[in-house]
Amino acid sequence: MILRCRLCHAAIAAFDPARLTPPLTSAVFGPLAPGFPPPFLPGTPWDEARCPHCRHHPQGYDPAGRESLATDAGETPLPRLQTADAKRKTAKRGN
Ligand SMILES: [Zn+2]
């Protein structure tokens, strides 16, 4: 899948939707084609990731846009953070 910038609509990065596990990190996003540099500097927190074309955040700045990504397949919702309650239930399994 291709990540597009919500503000300038440029294709920025390639990513595997299966790896979009919260909290989102910029490391999930690779170059558009092999041999190109990664779109974001390694270790960049997602909040500080910037579109290489317009230098704005790829999701834009509207809080409503934080729940999804603009992609070549349209708006793609991000998986929700697992709640603390759900984590506790998972940890209890096997007791
Ligand atoms: Zn942009």
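The following exchange concerns a predicted model of a protein chain with a zinc ion.

Student: How many helices and strands does the chain have, and in what order do the elements run?
Tutor: The secondary structure comes to 1 helix and 4 strands. Read from the N terminus on, the order of these elements is β-β-β-β-α.

Student: Which atoms are the protein donors of the zinc ion?
Tutor: Donors are N, O and S atoms within 2.8 Å of the metal. In this model the protein donors lie 2.3 Å from the zinc ion. They are Cys5 (SG), Cys8 (SG), Cys51 (SG) and Cys54 (SG).

Student: What arrangement do the 4 donor atoms form around the zinc ion?
Tutor: Four donors count as tetrahedral if all angles lie between 85 and 135 degrees. Ideal angles for four tetrahedral donors are 109.5 degrees. Here the donor atoms subtend angles of 107 to 115 degrees, which makes the arrangement tetrahedral.

Student: What spacing do the donors follow along the chain, and how far apart in sequence are the parts that Cys5 and Cys54 tie together?
Tutor: Along the chain, the donors of the zinc ion follow the spacing C-x2-C-x42-C-x2-C. Cys5 lies in the loop between strand 1 (2-4) and strand 2 (11-14), while Cys54 lies in the loop between strand 2 and strand 3 (68-71), so the pair ties together parts whose separation in sequence is 49 residues.

Student: Are Cys5 and Cys54 buried or partly exposed?
Tutor: Buried means under 20% relative accessible area. The relative accessibility of Cys5 is 1%, so Cys5 counts as buried. For Cys54 the value is 22%, so this residue counts as partly exposed.

Student: Is Thr76 buried or exposed, and which residues is Thr76 in contact with, leaving aside its neighbours within four places in sequence?
Tutor: Thr76 is found in strand 4 (residues 74-77). Its relative accessible area is 14%, and Thr76 is therefore buried. Leaving aside neighbours within four places in sequence, the contacts of Thr76 are Met1, Ser68, Leu69 and Thr71.

Student: What percentage of the contacts between residues at least 6 apart in sequence join residues at least 24 apart?
Tutor: Buried residues make up 32% of the 95 residues in the chain. Among contacts between residues at least 6 apart in sequence, the share joining residues at least 24 apart is 40%.

Student: What is the volume of the largest pocket, and which residues lie nearest its centre?
Tutor: The largest pocket has a volume of about 300 Å³. Its lining has 8 nonpolar, 2 polar and 4 charged residues. Of the 14 lining residues, those nearest the centre are Pro22, Pro23, Leu24, Arg66 and Leu78.

Definitions and conventions: Residues are numbered from 1 along each chain as its sequence is written. This is a predicted model: local features need pLDDT of at least 70, side-chain atom pairs count only at pLDDT 80 or more; totals for chains, interfaces and linings use all residues. Side-chain values use heavy atoms; hydrogens and water are left out. Donors are N, O and S atoms within 2.8 Å of the metal (3.2 Å for Na, K and Ca); water is not among the atoms, so sites may look incomplete. Four donors count as tetrahedral if all angles lie between 85 and 135 degrees; four count as square planar and six as octahedral if opposite donors are over 155 degrees apart and all others between 65 and 115; anything else is irregular. Helices (H or I, at least four residues) and strands (E, at least two) are DSSP runs, numbered from the N terminus. Buried means under 20% relative accessible area, exposed over 50%, partly exposed in between (1.4 Å probe, protein chains only). On a 1 Å grid over the protein atoms alone, a cavity is a set of points where a 1.4 Å probe fits but cannot get out, and a pocket is an open set with protein on both sides within 12 Å along at least five of seven lines; lining residues have an atom within 4 Å of a point. Grid points are joined across faces, edges and corners, and a volume is the space filled by probe spheres set on the points. Ala, Val, Leu, Ile, Met, Phe, Trp, Tyr, Cys and Pro count as nonpolar, Asp, Glu, Lys and Arg as charged, and the others, Gly among them, as polar. Contact means heavy atoms within 4.5 Å.
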